[in-house]
Amino acid sequence: MTETEGMNAKQKLAYYLDKSYADANAAHSKGELVCWSSSIAPAEFCVTMGIHMLYPENHAAAVGAKHGAIEILELAERKGYTMDNCSYSRINLAYMDLLVEEKKTGKTPEALQKLDELKVPRMPLPDIIITCNNICNTLLKWYENIAVSLNIPYIIIDTPYVHDWPIPQHTIDYMKEQFKYAIKQIEDLTGKPFDYEKFVKVQEQTQRSVAAWDRAMGMAAIVPSPLSGFDMFNFMALIVCARSQFAAEDTFNTLADELQVKADAGQDAFKGGERTRIAWEGIAVWPYLSHTYKALKNLGMNMVGSTYPGAWSIHYEVGDLGQMAAGYCKMYSNTCLDNKVNVISDVLINTNCTGILYHLNRSCKLMSFLNVETAEILKEKTGIPYASFDGDQTDPRNFSEAQYDTRVEALSEVMEQMKAEKAKA
Amino acid sequence: MYVLGLDVGSASSKVVILDDDKNIVSFSTVQVGTGSTGPARALEEVFKKTNGLKIEDMTKIVATGYGRYAFEKADKQISEISCHAKGIFHLVPTARTIIDIGGQDAKAIRLDSRGAVSQFFMNDKCAAGTGRFLDVMARVLEIEITDMAEYDSRASEVVNVSSTCTVFAESEVISHLSNNIPKENIIAGIHASVASKACGLAYRTGLEDDIVMGGGVAQNAGVVRAISRELRRPVIVAPNPQITGALGAALFAYDEAKKH
């Protein structure tokens, strides 16, 4: 019997998320090692060696979703970080400073107390950090800042940008060498030889988790859809933080089973209100998750397509470091525009979406920069209409509800008109 | 049969009443918008101009603009993108690109030959390039906003004014004033700044002729000239440009009424 027996997927999600923070805090108290990691860095090395993993991006998203971002962002700005820096990084760097202050003074700073009151989970300070620039290059300096401030080891997995397919051998070789160096860094820190047998088991677990995630997320495409895209955003927290653990496999298999039952019964997550299906391109606006969802729902727009959850579908052959390198490097924001267009195109086809909403995210220059061109190419290729809105993943000051609503309504009107014309034809 | 379109913008409220033949029976504009007495006053005024029509005589009412949900008597709310497109296409059927600059937003809309919206872009979350930007500048220059076009027509050159940020632009204008640069040239620069923002959006639509301007700012001939100069193409100003959104809303109300 497992500790989650009898729980539904949502309960498991909450249980495992709480547990990941609780375990890391407990480990930290006992002097065990804690690692802060970027969201799509290979977790397999640290997990193999029993290092507890925490994810600043996940944590910052929670700060945003629980409406605790503004005060923390202002603290970061007082340190000199401008609003043009990524809001995840600003939240995390200010949070790190609060933890350091608490450690030095023995007193919990007021801003940290407020986050505790908002039930934002606590992260202990890290003993090591790992980042992989397959999703963003801001990470390199953000994490360097942490490493220097805390004087801790810093593992960097530098992923060359993928312009051509298949991924060139020199890219794979370069990454494999970095994997080997990461292993050495972990051996130096832990004082133990790397456990290659366990590593294979961790890789196997990762692949089972990813398979369960793919299975659950694939359900969104079913008509009527038993899964709303906004639920994808909620469940995503676990594929980020527990990809190499049983927790993810357990939760997503339960979710997939539940969704299958709903699909077999023809149940619709949208409760019969679906008028159109829409894809969402970009990170969620965490402080306004509810508003962004409701504005679409009120117009009967069911968000069932997103490339974002697919970012964690990292497949590779177990035991092959080269395959693992390729898996982490072909993360789609690390690939050329043509590939990005193909990935979104596939999402649109698979999910029967007839419109796309692009989040021009002030925090994420990479995604926003690509979105403008991607939108034009996709419109040309598919004829599917789109709208863009200005926002931010966690800085609530960079989003306007009224502006979002107008753009979404106008897009809905265009989609409805096209639908009516198609029906007429 | 009569129908009514109400456009409650951020800076003004506009109402149009149409009759059974889509003729404009009456229209009104009041220079205060959502959250103010503007919508009520605009309604009062529009009915005053008719032969005793009342709101109850309206078969359908459609509201648009930022305050579209605040008017309870509306049968339907439609976005200003669709309403401006509908209103302008009705007035200028050759319109394929619309540039609309209102109180707090600027938009560019591409229409197909049937008047359907095939693409639209709106300004980002910044006052630069909007009517609000012109309000701020008129205040700094101590002139009436309605006089800006005339000043612009007397300009001997166009000075550079930032289009990135209203605060940056304000500082630049103050600096130009303290350097004794003529107001005419500064105003031409302000209009060029608004034009560059709006044209940035318009270029993204593909810029097909005819290019038609709507929205309150289209009443400023200086901005229209600056846009035409920037695009290197003629720009048509829709008749009564400030009411094109309300007209579109009224036309949607007309379609709704005819459906039933």
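**Strand S7 of chain A and helix H7 of chain B**

Both faces of S7(A) are covered: A:Gly355, A:Leu357, A:His359 and A:Asn361 are buried on one side, and A:Ile356, A:Tyr358 and A:Leu360 on the other. Buried means that 20 or more other C-beta atoms, placed from the backbone, lie within 10 Å of the residue's own. Strands here are DSSP runs of E with at least two residues, helices are runs of H or I with at least four, and both are numbered from the N terminus.

This is a predicted model, in which local features need pLDDT of at least 70 and side-chain atom pairs count only at pLDDT 80 or more, while totals for chains, interfaces and linings use all residues. Residues are numbered from 1 along each chain as its sequence is written, and chains are lettered from A and ligands numbered from 1 in the order in which they are written.

Now the partners of S7(A). Strand S5 of chain A, residues 276-281, runs parallel to S7(A) and is joined to it by 4 bridges; pairing takes at least two DSSP bridges. There, A:Glu281 stands opposite A:Tyr358. Strand S8 of chain A, residues 386-391, is also parallel to S7(A), with 6 bridges, and A:Ile356 stands opposite A:Tyr386.

How are S7(A) and S8(A) connected in the β-α-β unit? Helix H15 of chain A, residues 365-382, completes that unit with them, and the unit is right-handed: with the strands pointing away from the viewer, the path from the first strand over the helix to the second runs clockwise.

Over to chain B. Helix H7, residues 221-231, has buried residues including B:Val223, B:Ile227 and B:Glu230. After H7(B) comes B:Arg232, with a positive phi near 55°.

Notes
A residue is buried if 20 or more other C-beta atoms lie within 10 Å of its own, exposed if 12 or fewer, and partly exposed in between; C-beta atoms are placed from the backbone.
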